[in-house]
Amino acid sequence: GKIVVAGYSYDTPSADFVVFRYNTNGSLDNSFDNDGKVITVIGSGHDYAFSAALQSDGKIVIGGWTQNGSSTNFALVRYNTNGSLDSSFDADGIVTTAIESAENRGYSVIIQADGKIVLAGFSSNGSNKNFSLVRYNTNGSLDTSFDTDGKVTTDFGSPIDEGHSVAIQNDGKIIVVGTS
């Protein structure tokens, strides 16, 4: 019954992932990192969190993107129920993924029934943006059974195709909506 809110904060010179957890009465949950909030620095530039998903074991997965120099990458962070980074998720709780060479931005995360994690957004080679999906195993590694490398892009023929939200049907098929 607790409420999780994810976003980004400019407490430092750059934006960083921030997660708040509230009790059902609206007060901050002090059992979550001792004060109800966690700020996580991912890359050397800005880090933007846009989506949260709760695993069946109570762990919290936050999806977004991180900026490293001139490029951006999909970013996932997984927290334990107490707000600490989950070291069983890519050894440090943080996973970043490049799809194309220039711009890769994750906007929506969802957990499949089998525990695999899907992050949807867009990627760009510098001149064309495409819908993009990345699927991860429960340990944070890329799921190579998903299009052989864990990554899928879809070009609808326009120069700007961006995935903004993801859902999973009862039959396991993945639906992404956005703009083209």
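These legends accompany close-up views of a predicted model.

**View 1. The largest nonpolar core brings together 13 residues.**
Start with the residues that have the most contacts inside this core: Val61, Phe74, Leu76, Val109, Ile117, Leu119 and Tyr136. Four strands each supply at least two residues of the core, namely strand 6 (71-79), strand 8 (103-111), strand 9 (117-124) and strand 10 (129-136). If you then look elsewhere in the model, you will find a second, separate core of 12 residues, and its members include Phe17, Val38, Ile62 and Ile94. As a general background to both, nonpolar side chains tend to be buried together in soluble globular proteins.

**View 2. Tyr136 and the residues around it.**
Here we zoom in on Tyr136, one of the residues with the most contacts inside the largest core. Setting aside residues up to four places away in sequence, Tyr136 touches Phe74, Leu76, Val95, Thr97, Lys116, Ile117, Leu119, Ser141, Leu142 and Asp143. Among these neighbours, Phe74, Leu76, Ile117 and Leu119 are also listed with the most contacts inside the core. Two other neighbours of Tyr136, Lys116 and Asp143, are the pair shown in the next view.

**View 3. A buried salt bridge between Lys116 and Asp143.**
The closest N and O atoms of this pair are 3.0 Å apart, and both residues are buried. The bridge links distant parts of the chain: Lys116 sits in the loop between strand 8 and strand 9, while Asp143 belongs to the loop between strand 10 and strand 11 (151-154), 27 residues apart. The two side chains also count as making a polar contact, at 3.0 Å. Around Lys116, not counting residues up to four places away in sequence, you can pick out contacts with Ile110, Ile111, Arg135, Tyr136, Asn137, Thr138, Asp143 and Ser145.

**View 4. Salt bridges in buried and exposed settings.**
A search of the whole structure finds nine salt bridges, and this view visits a few of them. The side chains of Arg78 and Asp86 meet at 2.7 Å, N to O. Arg78 has a relative accessible area of 4%, so it counts as buried, and Asp86 is likewise buried because its relative accessibility is 3%. Now turn to Asp171 and Lys173, whose salt bridge has its closest N and O atoms 3.9 Å apart. Asp171 counts as exposed because its relative accessibility is 52%, and for Lys173 the value is 52%, so that residue is exposed too. Elsewhere, Lys2, Arg21 and Asp29 are joined into one network by salt bridges that share partners.

**View 5. Gly121 in strand 9.**
With a relative accessible area of 0%, Gly121 is buried. Leaving out residues up to four places away in sequence, Gly121 touches Phe74, Arg105, Gly106, Tyr107, Asn130, Phe131, Ser132, Glu162 and Gly163. For a sense of scale, Gly121 and Thr24 are 97 residues apart in sequence and 31 Å apart in space, C-alpha to C-alpha.

**View 6. Glu162 and its polar contact with Lys129.**
Glu162 is part of strand 12 (residues 162-168) and counts as buried, at 13% relative accessibility. The polar contact between the side chains of Glu162 and Lys129 spans 3.1 Å. Beyond its neighbours within four places in sequence, Glu162 is in contact with Gly121, Phe122, Lys129, Phe131, Val177, Gly178 and Thr179.

**View 7. Asn139 in the loop between strand 10 and strand 11.**
Asn139 is partly exposed, with a relative accessible area of 39%. A polar contact of 2.7 Å joins its side chain to that of Ser141. Apart from neighbours within four places in sequence, Asn139 is in contact with Ser88, Phe89 and Asp90. The C-alpha atoms of Asn139 and Ser87 are separated by 9.3 Å, although these residues are 52 places apart along the chain.

**View 8. A nonpolar patch on the surface.**
Tyr8, Tyr10 and Phe50 make this patch, which covers about 320 Å². Tyr8 has its place in strand 1 (residues 3-9) and is partly exposed, with a relative accessible area of 39%.

Conventions:
Residues numbered from 1 in each chain as written. Predicted model: local features only at pLDDT ≥ 70, side-chain atom pairs only at ≥ 80, totals over all residues. Heavy atoms only, no water. Core = buried A, V, L, I, M, F, W, Y, C linked by side-chain atoms within 4.5 Å. Buried < 20%, exposed > 50% of the residue type's maximum accessible area, 1.4 Å probe, protein only. Contact = heavy atoms within 4.5 Å. Polar contact = N/O pair within 3.5 Å; in protein donor to acceptor, adjacent residues only side chain to side chain. Patch = residues over 30% accessible without salt bridge, like charges linked within 9 Å, V, L, I, M, F, W, Y side chains within 5 Å. Areas by Shrake-Rupley, 256 points an atom, 1.4 Å probe, with all protein chains shown as cover. Salt bridge = Lys/Arg side-chain N within 4 Å of Asp/Glu carboxyl O.
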